[in-house]
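Dear colleague,

Please find the structure below, handed over for your own work. A summary of what was found in it follows.

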Amino acid sequence: MKQNLALFLFLLLVQQKWLVAKGDTFIRSRGIHFMLNGSPFYANGFNAYWLMYEASDPSQRPKVSAAFRQAASHGLTIARTWAFSDGGYNPLQYSPGSYNEQMFKGLDFVVAEARSYGIKLILSLANNYESFGGKKQYVNWARSRGQYLTSDDDFFRNSVVKGFYKSHITTVLNRYNTITGVVYKNDPTIMAWELMNEPRCTSDPSGRTIQAWIMEMASYVKSIDRNHLLEAGLEGFYGQSSAWRTNLNPGFNIGTDFIANNRILCIDFATVHSYPDQWLSNSNDQSQLSFLSNWLDAHIQDAQNILHKPILIAEFGKSGKDPGFSPSQRDRLFNTVYSKIYASAKRGGAAAGGLYWQLLAEGMDSFRDGYELMLDDNSSTANVITQQAHKLYQIRKIFSRMRNLEMWKSARAKRAQGGFGGNKGKRIGN
């Protein structure tokens, strides 16, 4: 089996380099599938929010390269990362409309390096939380301009704040990459934009505020960029539009609605996150895995049967800081997620891949949060990840073969009917 995996990884790297050399294309969505070069696209991936931050210091860029090299060598082909850092120490955005060119050059490097390894990017445009500024920083900027705001949730309601955020969208999407020479909105290395990392509006549990905000911002993104896919950044909590599902929620309502939010026309695919060790911290490992299994089943079914859109499990993980943690527990959780994705994918379903939280490179101890995973140092989990990449790669090959066969049959039928002009009624070849 190890020899087969080694051969698979070698062939995958060759294929990725070949695609880059040929000129890669955009990932599209068609019904419940992602499409790349005309065939369904299934992928394994990872989160690495820190990529831009580290790449902004040229001396730290080898860590970014090492992370992509690690990922590609294990068959990972999608990375999700931040395209925001608002206020505070060494930000991307000093203040509304004022940008740190050195940080932006870091993001340029991330995009260029991902391209060289054949890895697609999901770039998130804002944060719900205070780390790297988030909605709180936007609200504080508006307060400093004379706006009377009483809640961080005014990020979703106040016209001045929304104007700041739209300006950031415009700046990022129209960014000229100083390394590749390609404007971001024209770069197929970027798979998708994400409106916000885990948007929450607890001040309006009805969900109306978030619904209106996603509609407005999704439409705005699409008015600038029709090349790329767009997703909202949701964790997957059910709301009033699917009351029969709310019993699956882990005991809290944060003003989002998985069904209603993802039904918005300009949202191209759904996302779901899952951290049963956080959400059900007082339950045992088996109860958490049971919750995870039901949680994923419901979302994959709803993406396929109600939303009719692809779905990514965009964040999941198991913390090494959990009481009694062992790598085998993490492996079981990863296998649970991956088996749900594979079961859907092999029958042509809506589940298109999973992105674990989080990949680190060597020398990044200050970024450890318990969920970190350095693939070269965690052999059992790395093997689980590689096996999944291998399985999804095989599915992509099968669909590609089927597509080529259909194209061949179509061409043969046209030829038999004289559809290719000068050879009508004549024998071709000897």
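**Findings: E231 and its surroundings**

E231 lies in strand β10 (residues 229–231); strands (E, at least two residues) and helices (H or I, at least four) are DSSP runs numbered from the N terminus. This is a predicted model, in which local features need pLDDT of at least 70 and side-chain atom pairs count only at pLDDT 80 or more, while totals for chains, interfaces and linings use all residues. Residues are numbered from 1 along each chain as its sequence is written, and side-chain values use heavy atoms, with hydrogens and water left out.

E231 is buried (under 20% relative accessible area, 1.4 Å probe, protein chains only). E231 nevertheless has no salt bridge, and R80, the nearest side chain of opposite charge, is 4.7 Å away. A salt bridge here requires a side-chain nitrogen of Lys or Arg within 4 Å of a carboxyl oxygen of Asp or Glu; Lys and Arg count as positive, Asp and Glu as negative, and His and the chain ends are not counted.

Beyond four places in sequence, the contacts (heavy atoms within 4.5 Å) of E231 include W193, L195 and I267. L195 in turn touches Y165, W213 and I267, among others.

W193, L195 and Y165 are also among the residues that touch the most other members of the largest nonpolar core, which has 127 residues. Helix α10 (residues 285–307) gives this core its largest share, 9 residues. Such a core is a set of buried Ala, Val, Leu, Ile, Met, Phe, Trp, Tyr and Cys residues joined through side-chain atoms within 4.5 Å.

Overall, 58% of the 430 residues count as buried.

Yours faithfully

Technical notes: Buried means under 20% relative accessible area, exposed over 50%, partly exposed in between (1.4 Å probe, protein chains only).
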